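Please examine the sequence and the model below. The paragraphs that follow consider the ligand and its surroundings, and then a single loop residue.

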Amino acid sequence: MPVSKQAVTIIGLGPMGKAMVNRFLDEGHPVTVWNRTARKADDLVARGAHRAATVEEALAANEVVVLSLTDFEAMYAILKPAETALAGRVIVNLGSDTPGRAREAAKWATAHGAGYLTGGVMSAPSGIGAPESFTYYSGQKEIFEAHKETLEVLTGTDYRGSDPGSAALYYQLHINMFWTTVISFVHSLAMARANGISAQEFVGPASNSMTDMSAFLEFYAKRIDNDEHPGDVDRLAMAEASVDHVVHTAKEAGVDHALPAAVLELIRRGMAAGHADDSFTSLFEVFRKAG
Ligand code: NDP
């Protein structure tokens, strides 16, 4: 007799939620879905998902309820009117928000008799189900362990402890780097296009320099942990001159220069704080003091 797969509810059918529903369906899990814009479920229903008519029905359908929503405001907008249906459910919130909001959400869900896990998905929708993809999780260990196997249908798991804010924190640490990196990529492409170079011509060299980044990050991470920022490899004064050249390259190309100008401003703050002859990593101290 085939073992029946755990049934799950997914609330939120943006690109990520849809990828998750498709993956569970592909793996033979019964799936109930609910989305504010109901028509977004049409193709999933055609593939065998069950469309809940109400949020209460979606919650009642299954113990495991995965949320894939833009932010926590969306979660409260959907679940607060259905609070009485939360008891006995395990809410797995895979939407982005701050660690503090994740902690508040866990308290709120627990107060209504639900289990709660925070998740930070480290993959694009296309990576759902791919062996190399993973998601940070945190929250009560027993709840995580009890549902790990089902969650691993979506991605690998990296459990970061009982603090519900922890997975959200790890996620935001990555996403901070993600957005600044991809937006600088797009900015460089705008400068490239202004000079007759296509994105496809530049993507190879750009990817190579990203690959080289890991050794660079590891080298500086050790020094940062030791609060050492010697200017023996790079100096902030050099960075100022260098980033100023980027600003002017953008200007010459007739391209917006707000992004490198913001970096330049940070570097100048570091220099004003006395770090001109230190490494760019001395900005670590500037960031910490500003907080
Ligand atoms: P979207 O923002 O496209 O999806 C949003 C979902 O939230 C939709 O179902 C939308 O409903 C719902 N929603 C938003 N606001 C409200 C509201 N006020 N009330 C009710 N429903 C609301 O996000 P994605 O699908 O791309 O991603 C989902 C989560 O996963 C996000 O938190 C994102 O940061 C995270 N993530 C996304 C990745 C990606 O590459 N897409 C990668 C890693 C993480 P409706 O359809 O009615 O608008």
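How far from an oxygen atom of the ligand does a backbone N or O atom of Met16 lie? In this predicted model, the separation is 3.0 Å. Two further polar contacts involve oxygen atoms of the ligand. Lys40 places a polar side-chain atom 2.6 Å from an oxygen atom of the ligand, whereas Leu69 contributes a polar backbone atom, at 2.8 Å from a ligand oxygen atom. Taken alone, the ligand would expose 900 Å², and the protein buries 74% of that area.

The wider surroundings of the ligand may be considered next. The ligand occupies the second largest pocket, and 22 residues are found around it. Those that come nearest are Asn35, Thr37, Lys40, Leu69 and Ser96. By class, the shell comprises eleven nonpolar residues, nine polar residues and two charged residues. Two helices take part in this shell: α1, spanning 15–26, and α4, spanning 72–79, each supply at least two of its residues.

Attention now turns to a loop residue, Thr155. This residue belongs to the loop that joins α6 (141–151) to β8 (156–159). Is Thr155 buried or exposed? Thr155 counts as buried because its relative accessibility is 3%, and the cut-off for a buried residue is under 20%. The side chain of Thr155 also takes part in a polar contact, 2.7 Å in length, and the partner is the side chain of Thr135.

Technical notes: Residues numbered from 1 in each chain as written. Predicted model: local features only at pLDDT ≥ 70, side-chain atom pairs only at ≥ 80, totals over all residues. Heavy atoms only, no water. Near = heavy atom within 4 Å. Polar contact = N/O pair within 3.5 Å; in protein donor to acceptor, adjacent residues only side chain to side chain. Areas by Shrake-Rupley, 256 points an atom, 1.4 Å probe, with all protein chains shown as cover. 1 Å grid on protein atoms, 1.4 Å probe; cavity = no way out; pocket = protein on both sides within 12 Å on 5 of 7 lines; lining within 4 Å. Sits in = over half its atoms within 2 Å of the grid points. Helix = DSSP H or I, 4+ residues; strand = E, 2+ residues; numbered from the N terminus. Nonpolar A, V, L, I, M, F, W, Y, C, P; charged D, E, K, R; others polar. Buried < 20%, exposed > 50% of the residue type's maximum accessible area, 1.4 Å probe, protein only.
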